Amino acid sequence: NVCNGEYVDIYITGSPSVSFTYVHNQSGSIGIANSGNGIVNGLPLSFTAVNNTSQVLAVNFSFTVTNGYCGYTTPFMLYIYPTPSIVLNDIIKCKGQLVSTISLPSTYTWTNNNISIGLAASGTGNIPSFTTLNSGTAIITVTPIQLGCTGTPETFEIFVEDAPVTSPVNNIAVCHNSIVLVNRDSAYSST
């Protein structure tokens with residue numbers, strides 16, 4: 001069993017200098033032609049496995065070694081696992097808000113570069129829910145690992161912002177059609 005992109009060596013045994021042929025059952029590209037031939041010389045039949053699907057490819061090879069009029073056929077099964085992957089979106093929360101559980105397969109690992117937001121430094125499987133503690137930005141890196149194959153790590157960010165703080169405004173009395181000026185913190189929008 002191999003992962004997408006791994007190197008495969010298949011050794012064909014038999015008397016030196018006899019010929020062999022092979023065929024396999026996959027119609028798409030797996031890194032080697034659907035059929036071929038060669039001479040038994042102690043060197044492997046080598047290729048880089050390709051699986052650009054999300055499913056495991058079961059490749060059923062049939063090798064036939066012949067020496068003149070005599071020959072034998074033997075089957076060989078190779079499983080090519082896909083490269084696991086994941087896409088995650090950034091999260092924006094205010095300090096004190098709940099971040100819901102982020103569901104991941106149980107074999108995926110993750111790391112967090114900023115534990116001050118309230119999330120642990122690392123884990124395996126789901127990223128648990130947590131209540132944000134401090135403002136700041138955390139970069140979360142998720143490494144997809146499935147069936148022994150490792151995909152490209154995916155990063156997303158959790159932005160935790162300070163909740164807006166306002167000061168109460170005293171009641172004031174105004175006349176009709178009067179202009180009223182209210183001082184407020186200009187860092188926050190009035191909408």
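**Side-chain contacts: one salt bridge and an aromatic cluster**

In this predicted model, K95 is partly exposed, at a relative accessible area of 41%. Its partner in a salt bridge is D162, with the closest N and O atoms 4.0 Å apart. K95 sits in the loop between strand 8 (91-94) and strand 9 (98-99), whereas D162 belongs to the segment after strand 16 (154-161), so the contact ties together parts 67 residues apart in sequence. D162 is likewise partly exposed, its relative accessibility being 42%, because values between 20% and 50% fall in that class. The structure holds 1 salt bridge in total. Side chains of opposite charge can pair when their charged atoms come close.

Aromatic contacts number 5 pairs. One of them joins Y22 and F61 in a tilted arrangement, with 6.1 Å from centre to centre and 55° between the planes. Y22 is part of strand 3 (residues 19-24) and F61 of strand 6 (residues 57-67), so this pair ties together parts 39 residues apart in sequence. Y22 and F61 are both buried.

F61 also pairs with F76: the ring centres lie 6.1 Å apart and the planes meet at 50°, so this pair is tilted too. Here the link runs from F61 in strand 6 to F76 in strand 7 (residues 70-81), distant parts of the chain that are 15 residues apart. The two residues differ in exposure: F61 is buried, with a relative accessible area of 0%, while F76 is partly exposed at 32%. Through ring pairs, Y22, F61, F63 and F76 are linked into a cluster.

Notes. Residues numbered from 1 in each chain as written. Predicted model: local features only at pLDDT ≥ 70, side-chain atom pairs only at ≥ 80, totals over all residues. Heavy atoms only, no water. Salt bridge = Lys/Arg side-chain N within 4 Å of Asp/Glu carboxyl O. Helix = DSSP H or I, 4+ residues; strand = E, 2+ residues; numbered from the N terminus. Buried < 20%, exposed > 50% of the residue type's maximum accessible area, 1.4 Å probe, protein only. Phe/Tyr/Trp six-rings, centres within 6.5 Å; stacked < 30°, edge-to-face > 60°.
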